[in-house]
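Reader: I am new to this structure and would be grateful for a close look at a single part of it, set in its surroundings.

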Amino acid sequence: MKSLHFLPLFASLGAAIWPIPVEYSHGETVLWISEDVPFYWTAGAGNVNVGSGSLIYQNANIPNVLHRPRWNDDASGENKTGTEALSGDDLVNYAIAQTHRTIFKKSFVPWKFHPRDWDQPHPEEAIYISQVNLELLQDEPEDVAKPLAGVVDESYTLSLTEDGKTTIRANSSVGIVRGLTTFTQLFFKHSLGGAYTTLAPVEVFDAPKFPHRGLNLDVSRNFFSKNDIKRTIDAVAYNKMNRFHLHITDSQSWPLEIPALPGLSEKGAYRPDLVYSVQDFKDIQYHAAVQGVELITEIDMPGHTSVIALSYPDLIAAFNIQPNWDMYAAEPPSGTLKLNSSAVNDFLGTLFDDLLPRISPYSSYFHTGGDEVNKNAYELDDTVKSNDPAVLQPLMQKFVDRNHDQVRSLGLTPIVWEEMLLDWNLTLGEDVIVQSWQSDEAVAQIVAKGHKALVGNYQYWYLDCGKGQWLDFAPSAAANAWPYNDYCAPFHNWRLIYSYDPLTGVPEEHQHLVLGGEAHMWAEQTDPVNLDRMVWPRAAAAAEILWSGAKDAQGRNRSQIEASPRLSEMRERLVAKGIGAEPIQMPYCTMNGTQCQLGYAS
Amino acid sequence: MASLWGFCLVHFFLCTLPVTALWPQPRNLTHGASTVWISPSVQLRFIDERSAPSHVWRSLGDGIQYFLGGLLPSQGEEKHNPEHDDVVAAFERARGFIFNHRFVPRKFHPRKFAFEPRIDESENAPHVKTLIVTLTSLKGATAENRGRASSDESYQLRISESGIASITASGSRGAIYGIDTFAQLFYAHSLSVTEGYLSIAPVHIVDRPAFDHRGVNLDISRNWIAPSDAIRVLEAMAHCKFNKLHLHASDAQSWPLDIPSLPGLAEKGAYDSSQIWSPEDLRWVQRYGQLRGIEVYLEIDIPGHTTSVAASQPELIASAYREPWITYAAEPPAGQLTLGSADVMAFLKTLLNDLVPRNAEVSSHFHLGGDEVNVNVYGLGSDSSATKDKIRAEVQTIMDQAFEIASKYKQTTIVWEELLLEWNLTLPSNTIIQTWRSNEALAQVLDRGHRVLFGASTHWYLDCGHGAWFDPATPERPGPDPRASPPYMDQCAPYKNWRTIYSYNPLEGLSPKQRHLIAGGEVHMWTEMTDSETLDGMLWPRAAAAAEVLWTGTGTPVSEDTTRRLAELRERLVLEGVKAGMVQMEWCLRNKGGCTV
């Protein structure tokens with residue numbers, strides 16, 4: 001057995017679990033797995049003691065409450081009715097089917113991680129894995145598929161014995177799902193067919209550092225099909241992220257069907273066919289929830305709402321002012337919901353009453369936006385006619401209070417962008433989660449005010465940066481604009497993303513308020529054609545920071561030398577799953593161990 | 001045109017639409033505002049006036065007629081005149097593009113705006129029924145076309161208001177480019193699967209390239225790039241009027257090219273047995289390019305960048321895999337051809353006599369590399385002039401033999417700038433020098449009287465800006481190299497966005513007298529962080545920005561019109577199955593003028 005500390009030396013042998021577990025040890029025995037390996041599922045035993053970091057089982061005599069082979073290759077479940085909550089059973093069932101698919105149909109031959117003349121294991125000597133036991137050790141909460149942060153215990157243990165017995169134990173079905181995800185990463189495809197691991201025996205104890213681990217995808221600036229979104233959710237889940245934030249509306253288009261306000265998407269979508277129908281939206285939420293990923297819907301307001309003017313022009317102030325849009329918005333088109341308008345309140349009341357009951361079966365959260373509100377726009381708002389913060393602030397407080405009251409009355413917890421708290425100095429409910437994006441200082445300020453915070457500093461975790469300016473330059477300005485960089489250049493490569501510690505600058509007594517964070521995919525320059533490579537594998541770097549923490553067991557910053565071959569392997573696994581992720585190194589670098597280091601001294 | 005402006009004043013919205021969206025922009029374009037239709041039954045009538053006259057039309061079915069002065073195809077032959085395969089193929093592609101990919105430019109018009117002409121089912125609605133392509137002798141070509149080496153790439157295109165369409169060119173490559181322009185003029189109609197249209201007749205285009213050599217350099221060694229990927233690259237290149245695909249076919253990291261007379265090279269030097277280009281693969285790619293007017297030529301980089309040879313013949317490589325690599329190479333692994341070795345000379349002879357004649361079947365160029373030769377590899381002491389003199393003499397010997405073999409097969413050789421500017425080698429007078437480090441290098445090569453290619457890493461390196469792929473030295477002490485510290489930038493950051501590429505002007509500061517020596521340029525796709533999976537997005541649409549500089553000329557400022565035309569090309573590439581990156585979000589394209597600072 002080799003312990004985790006020596007892993008880098010053997011990285012090229014393919015031992016790459018991403019994100020890295022809390023504890024992981026493995027041997028060198030080859031085991032094969034066949035397509036008819038039985039999965040057994042048992043519920044109602046003791047629990048995994050998470051706190052100590054070592055494995056202590058209570059009530060080790062596991063009763064056979066449920067003990068049945070489970071196999072269901074068609075567990076998409078999209079025919080469930082809208083109000084039917086997902087059970088832990090649904091999650092485990094789906095995960096078993098996915099495990100099967102990943103190991104036997106979506107796997108890869110790992111030649112890039114071995115020297116040129118390597119030998120694959122020989123099938124004729126095969127020892128097969130006899131069974132996979134899944135043991136749920138506790139009763140789990142009803143909302144296991146849509147929990148508030150911290151409610152569901154995602155920890156698990158995985159044990160694979162040298163004679164081929166696999167056991168995954170967890171305190172929740174989500175923990176079982178995470179354990180099965182790790183299990184798939186032990187296996188490779190053989191070039192002659194079949195799947196094997198070279199790592200038995202394996203012992204894993206694992207638990208996430210942060211309870212909120214997300215990716216934010218903007219589907220308004222460019223439209224993404226239901227399948228693009230589902231594919232992205234699959235990759236999110238495979239990286240053990242548990243939140244998928246859908247920035248579903250913005251100034252540029254409104255792709256979400258709202259039956260009570262049909263004009264919104266009819267007139268506001270880029271095209272009549274570029275719309276998420278009620279059924280599409282439900283399918284997407286289900287697809288996330290069934291993988292232990294909670295989809296968080298954001299309707300950004302009062303800014304970033306210009307598109308509403310196409311169907312409800314009276315609700316929007318400063319609509320598409322040109323050419324000096326930059327007086328009124330961060331990017332064109334300008335336009336903001338009026339701030340002191342009963343018509344706006346009525347509109348939002350109708351919108352929330354329609355949408356939020358469709359969200360609550362799948363999520364406990366609703367994001368009401370609140371970023372980049374432009375004060376000048378309210379000079380053009382006939383209900384306000386002022387850009388004076390003293391006038392605007394009380395109106396904003398009323399606006400947000402109304403919205404959040406309704407969100408709560410519909411059973412959900414509000415999330416807002418940091419400006420609402422830090423720039424507008426609003427009084428927010430204690431339940432409200434504040435999402436930071438501008439700086440580490442902002443995170444410290446949010447938690448200092450006693451609020452729960454999400455991190456995602458744009459200088460580290462914005463995936464859109466560095467692709468160049470997308471705005472056109474007037475001829476007079478063009479010459480001075482070379483080399484046409486964008487506002488948040490340079491490109492944030494995975495190393496930069498990986499070097500970000502969500503707890504930077506947060507005093508220890510406030511760290512429990514940092515729930516986690518999100519990597520952000522704003523879509524000014526991303527559409528379905530380039531989505532995969534813009535997000536992956538860079539978002540996976542954020543996923544490991546959020547699951548494993550930015551520091552290793554010794555309290556040091558995580559090592560890129562150790563991470564880079566593992567991330568390369570995760571990238572190959574994503575490609576095998578049909579996600580067009582980018583390579584981060586040449587095969588030369590991963591075939592020969594760590595020979596692509598700077599200043600490497602022999 | 002006066003009529004167009006009158007139309008605009010009345011119909012304000014139409015003035016906000018793109019007038020044309022050709023890429024690259026033709027040299028000379030005039031047009032009106034009439035609608036002309038086209039249907040899948042459009043025929044090609046092909047006349048080669050350069051052959052002896054005959055009065056027999058020959059139909060080859062599917063709407064293609066040859067009128068090949070005297071060259072009657074014999075019965076039963078599938079390809080009746082291979083000389084014109086490329087023109088026929090171009091026509092088939094154009095027709096396929098218009099009616100199979102069916103590009104409806106919705107994204108480029110305001111929401112709900114009826115931008116398409118009303119379907120006109122009347123008999124006399126003007127239709128392009130036949131595209132007449134005429135190859136004419138130089139005598140008949142326009143004055144503008146005459147007297148240029150590239151005159152066979154020029155063409156004229158006319159489409160009348162009544163639908164008469166003709167292309168005149170003095171060579172088949174001009175005809176191919178004309179046909180691609182023709183295809184770009186038409187849109188599919190959302191309400192009809194059988195009707196395409198253009199709304200700018202009459203059209204008259206007189207077009208020719210600014211530079212002869214318009215290339216993409218694709219590294220197929222550092223990461224696996226499949227032959228089928230190169231095919232897709234060629235398809236996209238054809239839409240931008242590129243005419244050279246430079247395959248950087250071997251490097252230190254892997255040797256993907258099967259050389260039948262040296263089988264160990266790829267067997268042991270490729271990354272994996274699945275990562276090899278067979279001679280048939282190479283031929284397929286080269287032939288595919290030929291049909292699109294694109295010359296696919298090979299680079300075997302010597303004497304540096306050769307470590308992968310050591311996998312099969314370790315004795316040929318000095319300092320192979322030596323550490324610390326940073327002393328011996330620009331990137332790992334270290335290793336260069338051994339100097340003064342009869343084995344190396346014999347190896348190169350076998351290699352080049354195998355590969356060069358195969359290359360020569362479709363290309364007149366062969367690239368012999370010569371970049372980044374490292375002095376320390378040979379253990380001859382420090383970077384002194386005596387050391388360099390010794391290395392220079394040995395490298396000269398190696399290169400002389402290579403030049404000789406290339407010349408035997410009538411290949412024009414290309415080498416990287418260092419062989420001339422750093423090593424002062426004596427090179428054949430017709431050797432083209434490929435510069436990459438700076439515009440100053442370009443000027444120096446011109447002063448030495450050599451033909452030259454541009455493509456500076458500051459503007460035309462498509463790999464830049466994705467961050468360092470190197471790992472730090474140790475977790476605790478990343479080392480002094482800036483690539484090991486946040487934000488972990490690579491050596492040629494930032495990312496070259498398409499505007500940076502478009503604004504590259506290699507001619508700045510050069511004397512007009514020297515310009516005739518500039519053969520053209522290449523945009524470079526090095527593949528340390530790019531493979532099959534992401535190639536399309538790294539190349540396109542940015543390489544297309546270089547294509548327009550090479551075709552239309554340097555020094556054109558970027559305008560919103562440039563953005564919109566490039567965005568439209570991008571949509572066309574996506575329809576071709578090329579996963580091109582984005583130019584601008586849909587809102588900006590739908591709201592012309594709305595995204596300007």
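Reader: How far apart are the end C-alpha atoms of helix α7 of chain A, and what span should its 21 residues have?

Author: This is a predicted model, and the answer below should be read in that light. Helix α7 of chain A covers residues 389–409. At 1.5 Å a residue, its 21 residues should span 30 Å, and the end C-alpha atoms are 29 Å apart, which agrees.

The two ends of the helix may be taken next. At the N-terminal end of α7(A), A:Asp388 acts as a cap, with a side-chain oxygen 2.9 Å from the backbone nitrogen of A:Ala390. After the helix comes A:Gly411, whose phi is positive, near 90°.

Between these ends, α7(A) has a set of buried residues. They are A:Leu392, A:Leu395, A:Met396, A:Gln397, A:Phe399, A:Val400, A:Asn403, A:His404, A:Gln406 and A:Val407. In an α-helix there are 3.6 residues a turn, so residues three or four places apart point the same way. The buried residues of α7(A) pack against several elements of chain A. Among these partners are the helices α6 (342–359) and α8 (419–422); the strands β13 (336–337), β14 (365–367) and β15 (413–417) are also packed against.

The wider setting comes partly from a record. An unreviewed UniProt entry lists residues 210–549 of chain A under "domain: Glycoside hydrolase family 20 catalytic". That span is 33% helix and 14% strand, and its end C-alpha atoms lie 8 Å apart.

Salt bridges form another part of the picture. In chain A, a network of them links A:Asp218, A:Arg221, A:Asp250, A:Glu331 and A:Glu524. Another pair, A:Asp228 and A:Arg231, has its closest N and O atoms 3.2 Å apart. Both of these residues belong to helix α3 (residues 226–238) of chain A, where they are three residues apart, about one turn of the helix. A:Asp228 has a relative accessible area of 9% and is therefore buried.

Chain B offers a pair within one helix as well. B:Asp389 and B:Arg392 form a salt bridge, with 2.6 Å between the closest N and O atoms. They lie three residues apart in helix α10 (residues 385–408) of chain B. B:Asp389 is partly exposed at 40% relative accessibility, and B:Arg392 is partly exposed at 25%.

A further salt bridge in chain B joins the side chains of B:Arg222 and B:Glu331, at 2.6 Å from N to O. B:Arg222 is in the loop between β9 (213–219) and α5 (227–239) of chain B, and B:Glu331 is in the loop between α8 (325–328) and β13 (336–337) of chain B, so the pair ties together parts that are 109 residues apart in sequence. B:Arg222 is buried, with a relative accessible area of 4%, and B:Glu331 is buried at 11%.

Finally, the two chains meet. In this interface, 76 residues of chain A are in contact with 79 residues of chain B. The area buried between the chains is about 6600 Å², and carbon and sulfur atoms give 56% of that area. On the side of chain A, A:Arg116, A:Asp472 and A:Leu598 lose the most area to chain B, together 14% of what that side buries. Five salt bridges are found across the interface of chain A and chain B. A:Arg571 and B:Asp531 meet through their side chains in a salt bridge of 2.8 Å, N to O. Helix α15(A) gives the most to the side of chain A that touches chain B, with five residues.

Methods: Residues are numbered from 1 along each chain as its sequence is written. Chains are lettered from A and ligands numbered from 1 in the order in which they are written. This is a predicted model: local features need pLDDT of at least 70, side-chain atom pairs count only at pLDDT 80 or more; totals for chains, interfaces and linings use all residues. Side-chain values use heavy atoms; hydrogens and water are left out. Helices (H or I, at least four residues) and strands (E, at least two) are DSSP runs, numbered from the N terminus. The expected span of a helix is 1.5 Å times one less than its number of residues. Buried means under 20% relative accessible area, exposed over 50%, partly exposed in between (1.4 Å probe, protein chains only). Contact means heavy atoms within 4.5 Å. A polar contact is a pair of N or O atoms within 3.5 Å; within protein, one must be able to donate a hydrogen and the other to accept it, and residues adjacent in sequence count only if both atoms are side-chain atoms. UniProt positions are given in the numbering used here, feature names are shortened, and annotations may be inferred rather than shown by experiment. Buried area is the accessible area (1.4 Å probe) that two parts lose on being put together, summed over both. A salt bridge is a side-chain nitrogen of Lys or Arg within 4 Å of a carboxyl oxygen of Asp or Glu.
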